[in-house]
Amino acid sequence: MRLFFHELKGEQLLYWRSREAAFFTFIFPLLLYVLVSAFYTGDIYGQPAGRVLLAGLLGYGAATTSFAGIAIFLVIRRENGVLKRLRATPLPPAMYIAALLGSTLLVFAIEAAAMIGLARVTYHVGVPDRLGSLALSLLLGAAAFAALGIAMAAAIRSAEGASAVVNLVVLPMAFLSGSFGPTRHFPHVLRAIADVLPLTYLVRLVRSAIVFDQPIWHEPGAIGVVAGWGLVGLVLAVWAFRWEPSESG
Amino acid sequence: MTSAVSIEALTKSYGKLEAVRGISFEIGSGEVFGLLGPNGAGKTTTVEILEGYRKRDGGTVRVLGEDPERAGTEWRQRIGVVLQSSAVYTTLTVREMLALFAGYYRKPRPVDEVIELVGLMEKRNTRIKSLSGGQARRLDLGLALVGDPELIFLDEPTTGFDPGARRAAWATIRALRSLGKTILLTTHYLEEAEQLSDRVAVLREGRIVAHGRPADLMGRSRGAEIRYLRDGEEVVVKTDEPTRTLHELTAQALDAGVELEGLEVRRPTLEDVYLSLTEQDDETVLS
Ligand SMILES: Nc1ncnc2c1ncn2[C@@H]1O[C@H](COP(=O)(O)OP(=O)(O)OP(=O)(O)O)[C@@H](O)[C@H]1O
Ligand SMILES: [Mg+2]
(Lines give C-alpha, C1' and ligand atoms only; values in the text may rest on other atoms or scores of the structure.)
(Ligands and ions follow the chains in the order given, each with its own letter.)
Protein backbone atom coordinates (compact mmCIF):
# COMPACT_ATOMS: atom_id res chain seq x y z
CA MET A 1 0.00 0.00 0.00
CA ARG A 2 2.91 2.34 0.76
CA LEU A 3 4.21 1.57 -2.71
CA PHE A 4 0.82 2.38 -4.26
CA PHE A 5 0.66 5.81 -2.62
CA HIS A 6 4.28 6.50 -3.49
CA GLU A 7 3.57 5.81 -7.15
CA LEU A 8 0.26 7.71 -7.00
CA LYS A 9 2.15 10.75 -5.73
CA GLY A 10 4.65 10.36 -8.55
CA GLU A 11 1.87 10.11 -11.12
CA GLN A 12 0.22 13.24 -9.77
CA LEU A 13 3.49 15.13 -10.05
CA LEU A 14 3.93 13.87 -13.61
CA TYR A 15 0.38 14.76 -14.58
CA TRP A 16 0.43 18.35 -13.39
CA ARG A 17 3.96 18.86 -14.75
CA SER A 18 2.85 17.90 -18.23
CA ARG A 19 1.22 21.10 -19.41
CA GLU A 20 -0.18 19.59 -22.56
CA ALA A 21 -1.94 16.82 -20.70
CA ALA A 22 -3.19 19.13 -18.00
CA PHE A 23 -4.58 21.51 -20.59
CA PHE A 24 -6.24 19.06 -22.95
CA THR A 25 -7.60 16.66 -20.39
CA PHE A 26 -8.33 19.03 -17.51
CA ILE A 27 -8.87 22.63 -18.62
CA PHE A 28 -10.27 21.94 -22.07
CA PRO A 29 -13.48 20.15 -20.99
CA LEU A 30 -14.19 23.01 -18.56
CA LEU A 31 -13.67 25.59 -21.29
CA LEU A 32 -15.85 23.60 -23.66
CA TYR A 33 -18.63 23.49 -21.11
CA VAL A 34 -18.68 27.28 -20.85
CA LEU A 35 -18.49 27.71 -24.62
CA VAL A 36 -21.12 25.16 -25.57
CA SER A 37 -23.54 26.35 -22.91
CA ALA A 38 -23.17 29.91 -24.15
CA PHE A 39 -24.17 28.62 -27.57
CA TYR A 40 -27.37 26.84 -26.51
CA THR A 41 -29.62 29.11 -24.54
CA GLY A 42 -32.95 27.94 -23.28
CA ASP A 43 -33.98 24.31 -23.44
CA ILE A 44 -32.73 21.07 -24.93
CA TYR A 45 -35.36 18.31 -25.07
CA GLY A 46 -37.49 20.48 -22.84
CA GLN A 47 -34.81 20.58 -20.17
CA PRO A 48 -32.57 23.49 -19.19
CA ALA A 49 -29.60 23.51 -21.58
CA GLY A 50 -27.01 24.21 -18.89
CA ARG A 51 -28.03 21.01 -17.11
CA VAL A 52 -28.16 18.79 -20.21
CA LEU A 53 -24.78 20.05 -21.35
CA LEU A 54 -23.27 19.53 -17.90
CA ALA A 55 -24.16 15.85 -18.31
CA GLY A 56 -22.70 15.81 -21.83
CA LEU A 57 -19.47 17.50 -20.89
CA LEU A 58 -18.98 15.35 -17.81
CA GLY A 59 -19.17 12.36 -20.15
CA TYR A 60 -16.74 13.99 -22.54
CA GLY A 61 -14.46 14.76 -19.59
CA ALA A 62 -14.41 11.08 -18.63
CA ALA A 63 -13.49 10.12 -22.19
CA THR A 64 -10.77 12.68 -22.62
CA THR A 65 -9.20 12.47 -19.16
CA SER A 66 -9.33 8.74 -18.86
CA PHE A 67 -9.23 7.35 -22.39
CA ALA A 68 -7.14 10.01 -24.16
CA GLY A 69 -4.98 10.81 -21.13
CA ILE A 70 -4.04 7.22 -20.34
CA ALA A 71 -3.51 6.27 -23.98
CA ILE A 72 -1.21 9.24 -24.63
CA PHE A 73 0.79 8.83 -21.40
CA LEU A 74 1.31 5.13 -22.02
CA VAL A 75 2.38 5.56 -25.65
CA ILE A 76 4.87 8.29 -24.80
CA ARG A 77 6.29 6.33 -21.88
CA ARG A 78 6.49 3.13 -23.86
CA GLU A 79 8.21 4.74 -26.82
CA ASN A 80 10.78 6.63 -24.77
CA GLY A 81 11.65 3.47 -22.88
CA VAL A 82 10.40 4.42 -19.40
CA LEU A 83 7.96 1.51 -19.23
CA LYS A 84 10.75 -0.89 -20.14
CA ARG A 85 13.02 0.67 -17.53
CA LEU A 86 10.29 0.32 -14.88
CA ARG A 87 10.11 -3.40 -15.57
CA ALA A 88 13.60 -3.78 -14.11
CA THR A 89 12.51 -2.20 -10.81
CA PRO A 90 10.59 -3.97 -8.05
CA LEU A 91 7.44 -1.95 -8.84
CA PRO A 92 4.91 -4.61 -9.92
CA PRO A 93 3.30 -3.81 -13.31
CA ALA A 94 -0.21 -4.19 -11.88
CA MET A 95 0.66 -1.70 -9.14
CA TYR A 96 1.94 0.73 -11.74
CA ILE A 97 -1.25 0.51 -13.79
CA ALA A 98 -3.37 0.79 -10.64
CA ALA A 99 -1.55 3.97 -9.60
CA LEU A 100 -1.88 5.48 -13.06
CA LEU A 101 -5.58 4.68 -12.98
CA GLY A 102 -5.94 6.05 -9.44
CA SER A 103 -4.19 9.24 -10.42
CA THR A 104 -6.41 9.65 -13.48
CA LEU A 105 -9.56 9.10 -11.43
CA LEU A 106 -8.37 11.66 -8.92
CA VAL A 107 -7.80 14.23 -11.66
CA PHE A 108 -11.20 13.47 -13.13
CA ALA A 109 -12.91 13.78 -9.74
CA ILE A 110 -11.42 17.25 -9.32
CA GLU A 111 -12.43 18.13 -12.86
CA ALA A 112 -16.01 16.91 -12.36
CA ALA A 113 -16.34 18.88 -9.13
CA ALA A 114 -14.93 21.94 -10.85
CA MET A 115 -17.38 21.56 -13.71
CA ILE A 116 -20.36 21.21 -11.40
CA GLY A 117 -19.18 24.31 -9.57
CA LEU A 118 -18.70 26.15 -12.83
CA ALA A 119 -22.20 25.20 -14.00
CA ARG A 120 -23.61 26.60 -10.80
CA VAL A 121 -21.73 29.86 -11.05
CA THR A 122 -22.22 30.50 -14.76
CA TYR A 123 -25.61 28.99 -15.57
CA HIS A 124 -27.20 28.58 -12.14
CA VAL A 125 -27.36 24.81 -12.50
CA GLY A 126 -28.01 23.49 -9.02
CA VAL A 127 -25.76 20.77 -7.57
CA PRO A 128 -27.37 17.45 -8.61
CA ASP A 129 -29.41 15.66 -5.95
CA ARG A 130 -28.35 12.20 -7.08
CA LEU A 131 -24.69 12.68 -6.25
CA GLY A 132 -24.13 9.00 -5.40
CA SER A 133 -25.57 7.76 -8.68
CA LEU A 134 -23.70 10.46 -10.55
CA ALA A 135 -20.42 9.47 -8.91
CA LEU A 136 -21.02 5.79 -9.65
CA SER A 137 -21.85 6.50 -13.28
CA LEU A 138 -18.76 8.61 -13.75
CA LEU A 139 -16.58 6.05 -11.99
CA LEU A 140 -17.92 3.29 -14.22
CA GLY A 141 -17.38 5.44 -17.31
CA ALA A 142 -13.87 6.52 -16.37
CA ALA A 143 -12.86 2.94 -15.56
CA ALA A 144 -14.24 1.61 -18.83
CA PHE A 145 -12.50 4.36 -20.78
CA ALA A 146 -9.26 3.69 -18.93
CA ALA A 147 -9.32 0.07 -20.10
CA LEU A 148 -10.09 1.23 -23.63
CA GLY A 149 -7.24 3.75 -23.33
CA ILE A 150 -4.72 1.01 -22.54
CA ALA A 151 -6.01 -0.98 -25.51
CA MET A 152 -5.73 2.14 -27.68
CA ALA A 153 -2.13 2.65 -26.54
CA ALA A 154 -1.34 -0.84 -27.79
CA ALA A 155 -2.64 0.11 -31.23
CA ILE A 156 -0.58 3.30 -31.58
CA ARG A 157 2.94 2.76 -32.86
CA SER A 158 4.64 6.10 -32.30
CA ALA A 159 4.64 8.90 -29.75
CA GLU A 160 4.51 11.71 -32.32
CA GLY A 161 1.07 10.88 -33.65
CA ALA A 162 -0.43 9.70 -30.37
CA SER A 163 -2.35 12.77 -29.39
CA ALA A 164 -3.65 13.38 -32.92
CA VAL A 165 -4.87 9.80 -33.33
CA VAL A 166 -6.53 9.76 -29.94
CA ASN A 167 -8.35 13.03 -30.55
CA LEU A 168 -9.46 11.73 -33.91
CA VAL A 169 -11.33 9.09 -31.95
CA VAL A 170 -12.51 11.17 -28.98
CA LEU A 171 -13.84 14.29 -30.69
CA PRO A 172 -16.11 12.62 -33.28
CA MET A 173 -17.31 10.20 -30.60
CA ALA A 174 -18.19 13.13 -28.35
CA PHE A 175 -20.11 14.85 -31.16
CA LEU A 176 -22.07 11.76 -32.11
CA SER A 177 -22.88 10.82 -28.54
CA GLY A 178 -24.50 14.16 -27.82
CA SER A 179 -21.87 15.45 -25.42
CA PHE A 180 -21.90 18.86 -27.08
CA GLY A 181 -25.62 19.21 -27.85
CA PRO A 182 -28.68 17.49 -29.28
CA THR A 183 -28.20 14.89 -32.02
CA ARG A 184 -31.83 14.40 -33.08
CA HIS A 185 -31.31 16.24 -36.33
CA PHE A 186 -28.24 14.15 -37.25
CA PRO A 187 -28.49 11.86 -40.31
CA HIS A 188 -29.57 8.28 -39.74
CA VAL A 189 -26.15 6.75 -40.33
CA LEU A 190 -24.51 8.94 -37.74
CA ARG A 191 -27.16 8.14 -35.19
CA ALA A 192 -26.75 4.43 -35.94
CA ILE A 193 -23.03 4.77 -35.23
CA ALA A 194 -23.79 6.72 -32.06
CA ASP A 195 -25.98 3.82 -30.93
CA VAL A 196 -22.97 1.58 -30.39
CA LEU A 197 -20.54 4.11 -28.87
CA PRO A 198 -19.78 3.80 -25.16
CA LEU A 199 -19.93 7.55 -24.62
CA THR A 200 -23.54 7.68 -25.83
CA TYR A 201 -24.52 5.41 -22.96
CA LEU A 202 -22.31 7.10 -20.41
CA VAL A 203 -23.90 10.44 -21.28
CA ARG A 204 -27.32 8.80 -20.97
CA LEU A 205 -26.43 7.50 -17.50
CA VAL A 206 -25.11 10.85 -16.35
CA ARG A 207 -28.08 12.67 -17.81
CA SER A 208 -30.42 10.32 -15.99
CA ALA A 209 -28.77 11.29 -12.69
CA ILE A 210 -28.36 15.01 -13.32
CA VAL A 211 -31.34 15.97 -15.47
CA PHE A 212 -33.97 13.44 -14.50
CA ASP A 213 -32.88 12.80 -10.91
CA GLN A 214 -33.03 9.05 -11.41
CA PRO A 215 -30.92 6.50 -9.51
CA ILE A 216 -28.28 4.70 -11.54
CA TRP A 217 -30.09 1.35 -11.74
CA HIS A 218 -32.86 3.07 -13.66
CA GLU A 219 -30.73 2.57 -16.78
CA PRO A 220 -29.51 -1.04 -16.61
CA GLY A 221 -29.07 -1.18 -20.39
CA ALA A 222 -26.71 1.78 -20.42
CA ILE A 223 -24.74 0.33 -17.50
CA GLY A 224 -24.44 -2.90 -19.46
CA VAL A 225 -23.15 -1.24 -22.63
CA VAL A 226 -20.56 0.90 -20.81
CA ALA A 227 -19.36 -2.05 -18.73
CA GLY A 228 -19.32 -4.24 -21.84
CA TRP A 229 -17.06 -1.80 -23.65
CA GLY A 230 -14.85 -1.68 -20.57
CA LEU A 231 -14.52 -5.46 -20.61
CA VAL A 232 -13.71 -5.48 -24.31
CA GLY A 233 -11.06 -2.84 -23.60
CA LEU A 234 -9.66 -4.90 -20.74
CA VAL A 235 -9.38 -8.06 -22.82
CA LEU A 236 -7.72 -6.19 -25.69
CA ALA A 237 -5.40 -4.40 -23.26
CA VAL A 238 -4.24 -7.60 -21.60
CA TRP A 239 -3.81 -9.29 -24.96
CA ALA A 240 -2.08 -6.54 -26.92
CA PHE A 241 -0.35 -4.16 -24.53
CA ARG A 242 3.46 -4.15 -24.71
CA TRP A 243 5.93 -2.54 -22.33
CA GLU A 244 8.74 -2.13 -24.81
CA PRO A 245 8.97 0.37 -27.67
CA SER A 246 7.56 -0.91 -30.93
CA GLU A 247 10.38 -2.01 -33.22
CA SER A 248 11.23 0.75 -35.60
CA GLY A 249 10.56 -0.17 -39.21
CA MET B 1 33.62 -17.58 -4.69
CA THR B 2 29.98 -18.24 -5.57
CA SER B 3 28.80 -17.12 -8.97
CA ALA B 4 26.35 -14.24 -9.34
CA VAL B 5 25.70 -15.00 -12.99
CA SER B 6 26.14 -18.21 -14.88
CA ILE B 7 25.35 -18.83 -18.51
CA GLU B 8 25.64 -22.18 -20.22
CA ALA B 9 25.27 -22.68 -23.98
CA LEU B 10 23.00 -19.67 -24.35
CA THR B 11 21.36 -19.16 -27.74
CA LYS B 12 19.01 -16.52 -29.08
CA SER B 13 17.74 -15.84 -32.60
CA TYR B 14 15.60 -13.07 -34.05
CA GLY B 15 13.88 -14.82 -36.92
CA LYS B 16 16.70 -16.13 -39.07
CA LEU B 17 19.38 -14.01 -37.42
CA GLU B 18 21.31 -15.95 -34.81
CA ALA B 19 22.30 -13.14 -32.47
CA VAL B 20 23.78 -15.35 -29.73
CA ARG B 21 25.21 -18.72 -30.75
CA GLY B 22 25.96 -20.78 -27.69
CA ILE B 23 27.94 -18.74 -25.21
CA SER B 24 28.94 -19.75 -21.69
CA PHE B 25 30.52 -17.79 -18.88
CA GLU B 26 30.34 -17.22 -15.16
CA ILE B 27 30.64 -14.04 -13.16
CA GLY B 28 31.82 -14.53 -9.63
CA SER B 29 30.14 -12.54 -6.94
CA GLY B 30 32.11 -9.34 -6.35
CA GLU B 31 33.64 -9.44 -9.80
CA VAL B 32 33.61 -6.79 -12.53
CA PHE B 33 33.07 -8.52 -15.84
CA GLY B 34 33.51 -6.74 -19.17
CA LEU B 35 31.59 -7.80 -22.26
CA LEU B 36 33.21 -6.49 -25.43
CA GLY B 37 32.52 -6.81 -29.12
CA PRO B 38 31.69 -4.83 -32.23
CA ASN B 39 28.24 -3.39 -33.00
CA GLY B 40 25.72 -6.18 -33.39
CA ALA B 41 27.90 -8.80 -31.70
CA GLY B 42 25.12 -9.72 -29.27
CA LYS B 43 26.12 -7.86 -26.10
CA THR B 44 22.80 -6.13 -25.45
CA THR B 45 20.91 -9.29 -26.35
CA THR B 46 22.91 -11.23 -23.76
CA VAL B 47 22.59 -8.57 -21.08
CA GLU B 48 18.84 -8.19 -21.61
CA ILE B 49 18.37 -11.93 -21.32
CA LEU B 50 20.14 -11.73 -17.96
CA GLU B 51 17.93 -8.81 -16.90
CA GLY B 52 14.81 -10.79 -17.72
CA TYR B 53 13.70 -8.68 -20.69
CA ARG B 54 14.21 -11.20 -23.45
CA LYS B 55 13.48 -14.89 -23.68
CA ARG B 56 16.34 -17.18 -24.59
CA ASP B 57 15.94 -19.91 -27.17
CA GLY B 58 18.27 -22.39 -25.52
CA GLY B 59 20.79 -22.94 -22.76
CA THR B 60 20.60 -22.31 -19.04
CA VAL B 61 20.87 -18.98 -17.28
CA ARG B 62 21.13 -18.29 -13.56
CA VAL B 63 21.23 -14.80 -12.15
CA LEU B 64 21.47 -14.53 -8.36
CA GLY B 65 20.31 -18.11 -8.21
CA GLU B 66 17.20 -17.57 -10.30
CA ASP B 67 16.05 -17.90 -13.87
CA PRO B 68 15.51 -14.28 -14.97
CA GLU B 69 12.52 -15.28 -17.11
CA ARG B 70 10.69 -16.33 -13.96
CA ALA B 71 12.18 -14.02 -11.36
CA GLY B 72 9.88 -11.69 -9.45
CA THR B 73 10.00 -8.42 -7.56
CA GLU B 74 12.20 -9.80 -4.76
CA TRP B 75 14.88 -10.55 -7.33
CA ARG B 76 14.48 -7.07 -8.81
CA GLN B 77 15.25 -5.59 -5.39
CA ARG B 78 18.74 -6.98 -5.84
CA ILE B 79 19.62 -5.85 -9.36
CA GLY B 80 20.40 -2.46 -10.89
CA VAL B 81 20.17 -1.69 -14.58
CA VAL B 82 21.52 0.85 -17.04
CA LEU B 83 19.90 0.16 -20.39
CA GLN B 84 21.71 0.95 -23.61
CA SER B 85 19.34 3.81 -24.29
CA SER B 86 18.43 6.31 -21.65
CA ALA B 87 14.88 6.21 -20.26
CA VAL B 88 13.58 8.89 -17.89
CA TYR B 89 10.61 11.17 -17.21
CA THR B 90 11.86 14.36 -18.84
CA THR B 91 9.50 16.67 -16.92
CA LEU B 92 10.88 15.72 -13.51
CA THR B 93 13.98 17.13 -11.90
CA VAL B 94 17.01 14.94 -11.26
CA ARG B 95 16.17 14.74 -7.60
CA GLU B 96 12.48 13.94 -8.14
CA MET B 97 13.31 11.16 -10.58
CA LEU B 98 15.79 9.55 -8.21
CA ALA B 99 13.40 9.90 -5.28
CA LEU B 100 10.62 8.27 -7.33
CA PHE B 101 12.82 5.28 -8.13
CA ALA B 102 14.24 5.12 -4.60
CA GLY B 103 10.69 4.56 -3.36
CA TYR B 104 10.45 1.29 -5.31
CA TYR B 105 13.18 -0.33 -3.23
CA ARG B 106 13.11 -1.62 0.31
CA LYS B 107 16.52 -0.28 1.28
CA PRO B 108 17.46 2.51 -1.11
CA ARG B 109 20.59 4.59 -0.86
CA PRO B 110 20.00 8.16 0.27
CA VAL B 111 19.06 10.16 -2.84
CA ASP B 112 21.49 13.00 -2.20
CA GLU B 113 24.32 10.54 -1.76
CA VAL B 114 23.55 9.07 -5.19
CA ILE B 115 23.37 12.54 -6.77
CA GLU B 116 26.78 13.29 -5.32
CA LEU B 117 28.12 9.96 -6.49
CA VAL B 118 27.21 10.57 -10.14
CA GLY B 119 28.30 14.21 -10.01
CA LEU B 120 24.94 15.89 -10.56
CA MET B 121 24.93 17.99 -7.38
CA GLU B 122 24.68 21.26 -9.31
CA LYS B 123 21.90 19.89 -11.49
CA ARG B 124 19.82 18.25 -8.82
CA ASN B 125 16.91 20.65 -9.20
CA THR B 126 17.13 20.88 -12.99
CA ARG B 127 14.43 19.39 -15.20
CA ILE B 128 15.78 16.31 -16.90
CA LYS B 129 14.86 17.58 -20.36
CA SER B 130 17.45 20.33 -20.05
CA LEU B 131 20.32 18.05 -19.06
CA SER B 132 23.10 17.43 -21.58
CA GLY B 133 23.43 13.95 -23.07
CA GLY B 134 26.24 12.97 -20.76
CA GLN B 135 24.45 14.35 -17.71
CA ALA B 136 21.31 12.37 -18.57
CA ARG B 137 23.49 9.28 -18.86
CA ARG B 138 24.91 9.94 -15.40
CA LEU B 139 21.35 10.07 -14.13
CA ASP B 140 20.79 6.62 -15.67
CA LEU B 141 23.76 5.39 -13.67
CA GLY B 142 22.29 6.99 -10.55
CA LEU B 143 18.96 5.23 -11.16
CA ALA B 144 20.78 1.91 -11.39
CA LEU B 145 22.47 2.53 -8.05
CA VAL B 146 19.67 4.09 -6.03
CA GLY B 147 18.20 0.74 -4.98
CA ASP B 148 21.59 -0.30 -3.56
CA PRO B 149 21.61 -3.50 -5.65
CA GLU B 150 24.15 -6.28 -5.29
CA LEU B 151 24.33 -7.01 -9.02
CA ILE B 152 24.55 -4.20 -11.55
CA PHE B 153 24.16 -4.43 -15.33
CA LEU B 154 25.72 -1.55 -17.21
CA ASP B 155 25.13 -1.51 -20.98
CA GLU B 156 27.53 1.11 -22.33
CA PRO B 157 27.11 3.29 -19.23
CA THR B 158 29.71 5.92 -20.12
CA THR B 159 28.67 6.65 -23.70
CA GLY B 160 28.71 10.42 -24.16
CA PHE B 161 30.75 11.13 -21.02
CA ASP B 162 33.49 13.72 -21.22
CA PRO B 163 36.93 12.48 -20.11
CA GLY B 164 36.50 13.89 -16.62
CA ALA B 165 33.10 12.31 -16.17
CA ARG B 166 34.46 9.02 -17.48
CA ARG B 167 37.23 9.01 -14.88
CA ALA B 168 34.67 9.85 -12.22
CA ALA B 169 32.44 6.99 -13.39
CA TRP B 170 35.41 4.65 -13.23
CA ALA B 171 36.04 5.75 -9.67
CA THR B 172 32.37 5.07 -8.88
CA ILE B 173 32.56 1.60 -10.40
CA ARG B 174 35.74 0.84 -8.48
CA ALA B 175 34.06 2.03 -5.31
CA LEU B 176 31.11 -0.26 -6.00
CA ARG B 177 33.48 -3.14 -6.56
CA SER B 178 35.18 -2.48 -3.25
CA LEU B 179 31.76 -2.65 -1.62
CA GLY B 180 31.52 -6.18 -2.98
CA LYS B 181 29.03 -5.49 -5.77
CA THR B 182 29.04 -7.62 -8.89
CA ILE B 183 29.10 -5.69 -12.15
CA LEU B 184 28.52 -6.70 -15.74
CA LEU B 185 29.74 -3.96 -18.02
CA THR B 186 29.59 -3.61 -21.78
CA THR B 187 31.64 -0.94 -23.44
CA HIS B 188 33.30 0.07 -26.67
CA TYR B 189 36.07 1.84 -24.77
CA LEU B 190 38.81 -0.72 -24.49
CA GLU B 191 40.74 1.32 -22.00
CA GLU B 192 37.67 1.34 -19.80
CA ALA B 193 37.39 -2.43 -19.94
CA GLU B 194 41.09 -2.76 -19.23
CA GLN B 195 40.95 -0.37 -16.29
CA LEU B 196 37.85 -1.77 -14.63
CA SER B 197 37.34 -5.40 -15.45
CA ASP B 198 38.63 -8.35 -13.54
CA ARG B 199 37.82 -10.44 -16.58
CA VAL B 200 36.51 -9.75 -20.05
CA ALA B 201 34.87 -11.76 -22.80
CA VAL B 202 35.03 -10.64 -26.41
CA LEU B 203 31.96 -11.46 -28.47
CA ARG B 204 31.89 -11.59 -32.22
CA GLU B 205 28.85 -12.60 -34.22
CA GLY B 206 27.25 -14.18 -31.19
CA ARG B 207 30.28 -16.25 -30.13
CA ILE B 208 32.93 -15.69 -27.50
CA VAL B 209 36.24 -15.37 -29.33
CA ALA B 210 38.39 -14.56 -26.30
CA HIS B 211 37.91 -14.75 -22.59
CA GLY B 212 40.12 -14.00 -19.62
CA ARG B 213 41.86 -11.36 -17.54
CA PRO B 214 42.79 -8.29 -19.59
CA ALA B 215 46.48 -8.78 -18.73
CA ASP B 216 46.38 -12.38 -19.91
CA LEU B 217 44.69 -11.45 -23.18
CA MET B 218 47.35 -8.87 -23.83
CA GLY B 219 50.10 -11.23 -22.73
CA ARG B 220 48.98 -13.89 -25.15
CA SER B 221 51.00 -12.36 -27.88
CA ARG B 222 54.61 -11.90 -26.85
CA GLY B 223 55.13 -9.42 -29.62
CA ALA B 224 55.75 -5.72 -29.58
CA GLU B 225 55.88 -2.86 -32.02
CA ILE B 226 58.88 -0.62 -32.53
CA ARG B 227 58.21 2.72 -34.16
CA TYR B 228 60.54 5.47 -35.25
CA LEU B 229 60.75 8.16 -37.91
CA ARG B 230 63.00 7.85 -40.97
CA ASP B 231 63.12 10.96 -43.15
CA GLY B 232 59.94 12.17 -41.49
CA GLU B 233 58.06 8.96 -42.22
CA GLU B 234 56.93 6.54 -39.55
CA VAL B 235 58.42 3.07 -39.66
CA VAL B 236 56.69 0.28 -37.76
CA VAL B 237 58.54 -2.94 -37.03
CA LYS B 238 56.52 -5.81 -35.59
CA THR B 239 58.57 -8.36 -33.74
CA ASP B 240 58.32 -11.33 -31.43
CA GLU B 241 61.80 -10.63 -30.10
CA PRO B 242 61.73 -6.98 -29.12
CA THR B 243 65.06 -7.04 -27.27
CA ARG B 244 67.05 -8.41 -30.17
CA THR B 245 65.33 -6.26 -32.81
CA LEU B 246 65.76 -3.12 -30.80
CA HIS B 247 69.41 -3.92 -30.19
CA GLU B 248 70.04 -4.41 -33.91
CA LEU B 249 68.21 -1.23 -34.83
CA THR B 250 70.04 0.97 -32.37
CA ALA B 251 73.39 -0.60 -33.27
CA GLN B 252 72.82 0.25 -36.94
CA ALA B 253 71.79 3.77 -36.08
CA LEU B 254 74.83 4.30 -33.87
CA ASP B 255 77.11 2.99 -36.58
CA ALA B 256 75.54 5.35 -39.10
CA GLY B 257 75.64 8.19 -36.62
CA VAL B 258 71.94 8.97 -36.93
CA GLU B 259 69.31 9.58 -34.31
CA LEU B 260 66.18 7.37 -34.36
CA GLU B 261 63.65 10.11 -33.96
CA GLY B 262 60.39 9.34 -32.20
CA LEU B 263 61.66 5.94 -31.08
CA GLU B 264 58.98 4.03 -29.22
CA VAL B 265 58.49 0.44 -28.12
CA ARG B 266 54.92 -0.53 -27.49
CA ARG B 267 53.30 -3.65 -26.06
CA PRO B 268 49.93 -4.37 -27.65
CA THR B 269 47.06 -2.77 -25.76
CA LEU B 270 43.78 -4.52 -25.18
CA GLU B 271 42.56 -2.50 -28.13
CA ASP B 272 45.14 -4.05 -30.47
CA VAL B 273 44.25 -7.52 -29.26
CA TYR B 274 40.59 -6.71 -29.59
CA LEU B 275 40.97 -5.44 -33.13
CA SER B 276 42.90 -8.49 -34.23
CA LEU B 277 40.21 -10.72 -32.70
CA THR B 278 37.23 -8.93 -34.16
CA GLU B 279 38.60 -7.96 -37.54
CA GLN B 280 36.55 -9.54 -40.24
CA ASP B 281 38.61 -11.24 -42.86
CA ASP B 282 37.00 -10.64 -46.20
CA GLU B 283 36.52 -14.30 -47.02
CA THR B 284 34.11 -14.89 -44.13
CA VAL B 285 32.15 -11.83 -45.15
CA LEU B 286 31.81 -12.97 -48.74
CA SER B 287 30.99 -16.61 -48.09
N1 LIG C 1 14.59 -6.90 -31.11
C2 LIG C 1 15.34 -7.31 -32.14
N3 LIG C 1 14.76 -7.80 -33.25
C4 LIG C 1 15.50 -8.22 -34.29
N5 LIG C 1 16.84 -8.22 -34.32
C6 LIG C 1 17.48 -7.74 -33.24
C7 LIG C 1 16.77 -7.26 -32.10
N8 LIG C 1 17.67 -6.87 -31.18
C9 LIG C 1 18.88 -7.07 -31.73
N10 LIG C 1 18.78 -7.60 -32.96
C11 LIG C 1 19.91 -8.00 -33.83
O12 LIG C 1 20.71 -8.90 -33.11
C13 LIG C 1 22.09 -8.63 -33.29
C14 LIG C 1 22.75 -8.37 -31.95
O15 LIG C 1 22.25 -7.15 -31.42
P16 LIG C 1 22.71 -6.56 -30.02
O17 LIG C 1 21.86 -5.39 -29.74
O18 LIG C 1 22.71 -7.64 -29.01
O19 LIG C 1 24.19 -6.11 -30.34
P20 LIG C 1 25.25 -5.32 -29.45
O21 LIG C 1 26.42 -6.20 -29.31
O22 LIG C 1 24.63 -4.86 -28.21
O23 LIG C 1 25.60 -4.11 -30.40
P24 LIG C 1 25.95 -2.57 -30.05
O25 LIG C 1 27.40 -2.53 -29.73
O26 LIG C 1 25.68 -1.88 -31.35
O27 LIG C 1 25.07 -2.13 -28.97
C28 LIG C 1 22.17 -7.46 -34.25
O29 LIG C 1 22.41 -7.96 -35.53
C30 LIG C 1 20.80 -6.82 -34.16
O31 LIG C 1 20.45 -6.25 -35.40
MG1 LIG D 1 24.24 -3.01 -27.44
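Q: Why is B:A9 called partly exposed?
A: In this predicted model, the relative accessibility of B:A9 is 39%. Buried means under 20% relative accessible area, exposed means over 50%, and partly exposed covers what lies in between (1.4 Å probe, protein chains only). The value for B:A9 falls between these limits, so the residue counts as partly exposed.

Q: On what basis are the residues, chains and values presented?
A: Residues are numbered from 1 along each chain as its sequence is written, while chains are lettered from A and ligands numbered from 1 in the order in which they are written. As this is a predicted model, local features need pLDDT of at least 70 and side-chain atom pairs count only at pLDDT 80 or more, whereas totals for chains, interfaces and linings use all residues; side-chain values use heavy atoms, with hydrogens and water left out.

Q: What makes the backbone of B:A9 notable, and where does the residue lie?
A: B:A9 is not a glycine, yet it has a positive phi of about 55°. The residue belongs to strand β1 (residues 3–14) of chain B. Strands are DSSP runs of E with at least two residues, helices are runs of H or I with at least four, and both are numbered from the N terminus.

Q: Why is A:H124 called exposed?
A: The relative accessibility of A:H124 is 69%, so the residue lies on the exposed side of the limits already stated. A:H124 is found in the loop between α5 (93–123) and α6 (131–155) of chain A. A:H124 also has a positive phi of about 55° although it is not a glycine.

Q: How do you know which residues surround ligand 1?
A: A residue is near a molecule if one of its heavy atoms lies within 4 Å of it. By that rule 16 residues surround ligand 1, the closest being B:G40, B:K43, B:T44, B:T45 and B:Q84. The ligand lies between chains A and B. Elements of chain B that each supply at least two residues of the shell are β2 (17–28) and α1 (43–50); the largest share, three residues, comes from α1(B).

Q: What makes a contact between B:T44 and ligand 1 a polar one?
A: A polar contact is a pair of N or O atoms within 3.5 Å; within protein, one must be able to donate a hydrogen and the other to accept it, and residues adjacent in sequence count only if both atoms are side-chain atoms. An N or O atom in the side chain of B:T44 is 2.7 Å from an oxygen atom of ligand 1, so the pair meets the distance limit. An N or O atom in the side chain of B:H188 is 2.8 Å from an oxygen atom of the ligand, and a backbone N or O atom of B:A41 lies 3.2 Å from an oxygen atom of the ligand. Ligand 1 taken alone exposes 630 Å², of which the protein buries 69%; these areas come from the Shrake-Rupley method.

Q: Why are B:T44 and B:Q84 called donors of the magnesium ion (ligand 2)?
A: Donors are N, O and S atoms within 2.8 Å of the metal (3.2 Å for Na, K and Ca); water is not among the atoms, so sites may look incomplete. The atoms B:T44 (OG1) and B:Q84 (OE1) lie 1.9 to 2.1 Å from the ion, so they qualify as its protein donors. B:T44 is in helix α1 of chain B and B:Q84 in the loop between β5 (79–82) and α3 (94–102), so the pair ties together parts that are 40 residues apart in sequence.

Q: Are these two donors buried, exposed or partly exposed?
A: B:T44 has a relative accessible area of 18% and is therefore buried, whereas B:Q84, at 38% relative accessibility, is partly exposed.

Q: Why is B:T239 called buried?
A: B:T239 has 11% relative accessibility, so the residue counts as buried. The residue lies in strand β11 (residues 233–239) of chain B. A polar atom of the B:T239 side chain lies 2.8 Å from the backbone nitrogen of B:E241.

Q: What is the relative accessible area of B:T245, and where does the residue lie?
A: B:T245 has a relative accessible area of 16% and is therefore buried. Its place is in helix α9 (residues 242–256) of chain B.

Methods:
Accessible areas come from the Shrake-Rupley method with a 1.4 Å probe; for residues, only the protein chains shown count as cover.
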